[in-house]
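The following paragraphs go through one protein chain, starting with its overall make-up and ending with single residues. Please keep the sequence and the coordinates open while reading.

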Amino acid sequence: IGLKSGQYSIKEAELSGCFDTAISIGENGKLKADKVEINASGIGLVSKDSSDLQIKKINIDNTENCLIVYRKHFFFSGSKIKTKNLKCDQNNYFVQKGSKWIN
């Protein structure tokens with residue numbers, strides 16, 4: 001799921017076998033999700049370029065990177081991911097200076 005500059009809501013999602021990224025939000029986008037299951041993906045979650053991603057319950061299995069939060073383009077600021085009840089079997093996270101992950 002790749003989203004940009006808008007406001008989005010997901011009640012429940014099961015994502016499996018995503019070659020690159022399961023959920024990505026960018027360019028001032030805002031995404032709120034209630035329950036997400038991710039399995040066998042390159043990256044679970046990405047928030048970039050002034051975006052805000054909030055997930056109440058998330059389980060990530062068999063995925064190389066749990067989440068990445070960063071600024072890609074210089075004309076944006078950092079991004080944010082807020083998770084509650086996050087379970088990720090790999091424990092690989094990247095949070096660029098100026099971006100935030102709240103768990």
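A first figure concerns how contacts are spread along the sequence. Taking contacts in the chain between residues at least 6 apart in sequence, 37% of them join residues at least 24 apart. The model is a predicted one, and the values below are to be read with that in mind.

The secondary structure is quickly listed. The chain contains eleven strands and zero helices, so that reading from the N terminus gives β-β-β-β-β-β-β-β-β-β-β, by the DSSP runs on which strands and helices are based. The C-alpha trace spans about 35 × 25 × 25 Å along its principal axes. For 103 residues, a compact globule would have a radius of gyration near 13 Å, and the 12 Å of the chain agrees with that.

The next topic is surface and charge. Of the 103 residues, 44% count as buried. The chain exposes about 5900 Å², and carbon and sulfur atoms supply 46% of this area. There are 16 positive and 11 negative charges in the chain, and the mean positions of the two sets are 10 Å apart.

Aromatic side chains come next. How many aromatic pairs does a search of the whole structure find? The search finds three. One of the pairs is formed by Phe 74 and Phe 75, with ring centres 5.2 Å apart and planes at 80°; because an angle over 60 degrees counts as edge-to-face, the pair is placed in that class. Phe 74 has a relative accessibility of 70% and therefore counts as exposed. Phe 75 has a relative accessible area of 56%, so Phe 75 is exposed too, the cut-off being over 50%. Phe 74 and Phe 75 form one aromatic cluster together with Phe 76.

Tyr 93 and Trp 101 also form an aromatic pair, with 4.5 Å from centre to centre and 25° between the planes. This pair is stacked, because its angle is under the 30 degrees that the class requires. Tyr 93 is partly exposed at a relative accessible area of 31%, and Trp 101 is partly exposed at 26%.

Ile 102 belongs to strand β11, which covers residues 100–102. With a relative accessible area of 33%, Ile 102 is partly exposed. Which residues does Ile 102 contact, leaving aside its neighbours within four places in sequence? They are Lys 80, Ile 81, Lys 82 and Thr 83. For one of these, Lys 82, the C-alpha to C-alpha distance to Ile 102 is 4.6 Å, across a sequence separation of 20 residues. The stretch 80–83 is strand β8, so the contacts of Ile 102 in strand β11 are with residues of strand β8, given that contact means heavy atoms within 4.5 Å.

Strand β8 is followed by a loop that leads to β9 (86–88), and Asn 85 lies in this loop. Asn 85 counts as exposed, at 55% relative accessibility. Asn 85 has a positive phi of about 55° although it is not a glycine. Most residues other than glycine have a negative phi, which is why such a value is worth listing.

Asp 49 is another residue with a positive phi of about 55° that is not a glycine. Asp 49 sits in the loop between β5 (43–48) and β6 (52–61). Is Asp 49 buried or exposed? Its relative accessible area is 1%, so Asp 49 is buried, whereas Asn 85 is exposed.

Strand β9 contains Lys 87, which counts as exposed at 57% relative accessibility. Beyond its neighbours within four places in sequence, Lys 87 is in contact with Ile 58, Asn 59 and Ile 60. The C-alpha atoms of Lys 87 and Asn 59 are separated by 4.8 Å, while the two residues are 28 apart along the chain. Residues 52–61 make up strand β6.

The last residue is Asp 20, in the loop between β2 (7–16) and β3 (21–26). Leaving aside neighbours within four places in sequence, Asp 20 is in contact with Ser 41, Gly 42 and Ile 43. Asp 20 and Glu 64 are 44 residues apart along the chain, and their C-alpha atoms are separated by 9.9 Å.

Key. Residues are numbered from 1 along each chain as its sequence is written. Side-chain values use heavy atoms; hydrogens and water are left out. Helices (H or I, at least four residues) and strands (E, at least two) are DSSP runs, numbered from the N terminus. The radius of gyration is taken over C-alpha atoms; the globule rule is 2.2 Å times the number of residues to the power 0.38. Buried means under 20% relative accessible area, exposed over 50%, partly exposed in between (1.4 Å probe, protein chains only). Accessible areas come from the Shrake-Rupley method with a 1.4 Å probe; for residues, only the protein chains shown count as cover. Lys and Arg count as positive and Asp and Glu as negative; His and the chain ends are not counted. The place of a charge is taken as NZ of Lys, CZ of Arg, CG of Asp or CD of Glu. Rings of Phe, Tyr and Trp (its six-membered ring) pair if their centres lie within 6.5 Å; planes under 30 degrees apart count as stacked, over 60 as edge-to-face and the rest as tilted.
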